[in-house]
Amino acid sequence: MAGRAVNASRGVHYCRRVAEFRAHIGVHYGFLEIADDQSWGRTDWPNVFFGRRPTGLIATSPGEVFLITGRHTGTVGFTVRVDDGDPGPDLEGFEDVVEVPFEASRSELRLIEWAGEKSHALPRLSAGPGSYRMRYHCRGMDDAGNSSWDYRAVVDEYLLQIWPSPAAQPATLKVTSREGHRRILES
C-alpha cells in the first residue's frame, strides 16, 4: 500500500496503514478490553485505571488495554487501525481524543467483550512486541448514555489507532462531550 501524507499537530508524517479491523461490538458495563492471550486477566484494573486516570477513557498495562464506552450495554461501532507511523488524529470527526503509551508483550492482540464471552482477532502489530502509542477517538458517548435507545442500534463509535512509538506521557487532545468531560477532566 502506498504511503500517504497526514497532517498532524507535529507536522506532516508519511505512514502506511498496515491493517484495519472494523465491527459492531457488544459491550457490557461500558467497557471493552484488548489483550494478548498471555496477558488477559492479569492486570489489577482498579489500581491501574480507577486509582489514577490520566485520560479517563483508556488505560494500559503491559499486554492489556482497558477502554471506556458511552454505551453501558449494547452495540458500538469499533475500528482499530494499525499503522507503521503516526497517522495523525482525526480531530474533526470525533468529539473526544486521547492517547497513551502501550507496551506490547506479543504482536497478536484480541478485542475482548465482557468477561471474555467473545473475542476478535485484531491486525498484527506492525513492529512486533515493543513500545507503541494508542490514540483513542470517541464519538456519540453522550447519546449512547440515553437508555431509550435500542441496544442493537449503534449510537457511539470508536477508533483506536496503534503505531510503534517510544513511550511518552498520556495526552488529551480534545474533549467536547459531556461524558468525556466528566471522565477526563473531573476524575
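**Exercise 1. Place glutamine 169 in the predicted model and state whether glutamine 169 is buried or exposed.**

Step 1. Glutamine 169 sits in the loop that runs between E12 and strand E13 (171-175).

Step 2. The relative accessibility of glutamine 169 is 65%. The cut-off for exposed is over 50%, so glutamine 169 counts as exposed.

Step 3. Beyond the neighbours within four places in sequence, the contacts of glutamine 169 are Pro101 and Arg133.

Step 4. Proline 101 is 68 residues from glutamine 169 in sequence, while their C-alpha atoms lie 6.9 Å apart in space.

**Exercise 2. Work out whether isoleucine 34 is buried or exposed, and list what isoleucine 34 is in contact with.**

Step 1. Isoleucine 34 is part of strand E4.

Step 2. Its relative accessibility is 0%. Buried means under 20%, so isoleucine 34 counts as buried.

Step 3. Neighbours within four places in sequence are set aside. Isoleucine 34 is then in contact with Gly63, Glu64, Val65, Leu67, Leu109, Arg110, Leu111, Leu122 and Leu160.

Step 4. For a C-alpha separation, take isoleucine 112: 78 residues along the chain from isoleucine 34, with 5.8 Å between the two C-alpha atoms.

**Exercise 3. Find the loops that hold tyrosine 29 and arginine 152, and describe each residue.**

Step 1. The loop of tyrosine 29 lies between strand E3 (17-27) and strand E4 (31-35).

Step 2. Tyrosine 29 is not a glycine, yet its phi is positive, at about 60°.

Step 3. Tyrosine 29 has 54% relative accessibility and therefore counts as exposed.

Step 4. Arginine 152 belongs to the loop between helix H2 (141-144) and E12.

Step 5. With a relative accessible area of 55%, arginine 152 is exposed.

Step 6. Threonine 73 is 79 residues from arginine 152 along the chain, and 9.3 Å separates their C-alpha atoms.

**Exercise 4. Describe the second largest pocket: its space, its lining and the strands that supply the lining.**

Step 1. The space in this pocket comes to about 160 Å³.

Step 2. Its lining consists of Arg22, Ala23, His24, Gly77, Phe78, Thr79, Arg81, Phe94, Arg139, Glu157, Tyr158 and Leu159.

Step 3. Sort the lining by class: five residues are nonpolar, three are polar and four are charged.

Step 4. Assign the lining to strands. At least two residues come from each of E3, strand E7 (74-83) and E12. E7 contributes the most, with four residues.

**Exercise 5. Summarise the chain, and say where confidence is lowest and where it is highest.**

Step 1. The secondary structure consists of three helices and 13 strands.

Step 2. The chain has 187 residues, of which 50% count as buried.

Step 3. Take the contacts between residues at least 6 apart in sequence: 77% of them join residues at least 24 apart.

Step 4. The accessible surface is about 9,000 Å², and carbon and sulfur atoms account for 48% of that area.

Step 5. Mean pLDDT for the chain is 84, and 81% of the residues score at least 70.

Step 6. Confidence is lowest in strand E1 (residues 4-8), with a mean of 36, and highest in strand E12 (residues 157-164), at 98.

Step 7. Over residues 1-13 pLDDT stays under 50, and the model has 26 contacts beyond four places in sequence for this stretch.

Definitions and conventions. Residues numbered from 1 in each chain as written. Predicted model: local features only at pLDDT ≥ 70, side-chain atom pairs only at ≥ 80, totals over all residues. Heavy atoms only, no water. Buried < 20%, exposed > 50% of the residue type's maximum accessible area, 1.4 Å probe, protein only. Contact = heavy atoms within 4.5 Å. Areas by Shrake-Rupley, 256 points an atom, 1.4 Å probe, with all protein chains shown as cover. pLDDT = per-residue confidence, 0-100. 1 Å grid on protein atoms, 1.4 Å probe; cavity = no way out; pocket = protein on both sides within 12 Å on 5 of 7 lines; lining within 4 Å. Points joined across faces, edges and corners; volume = space filled by probe spheres on them. Nonpolar A, V, L, I, M, F, W, Y, C, P; charged D, E, K, R; others polar.
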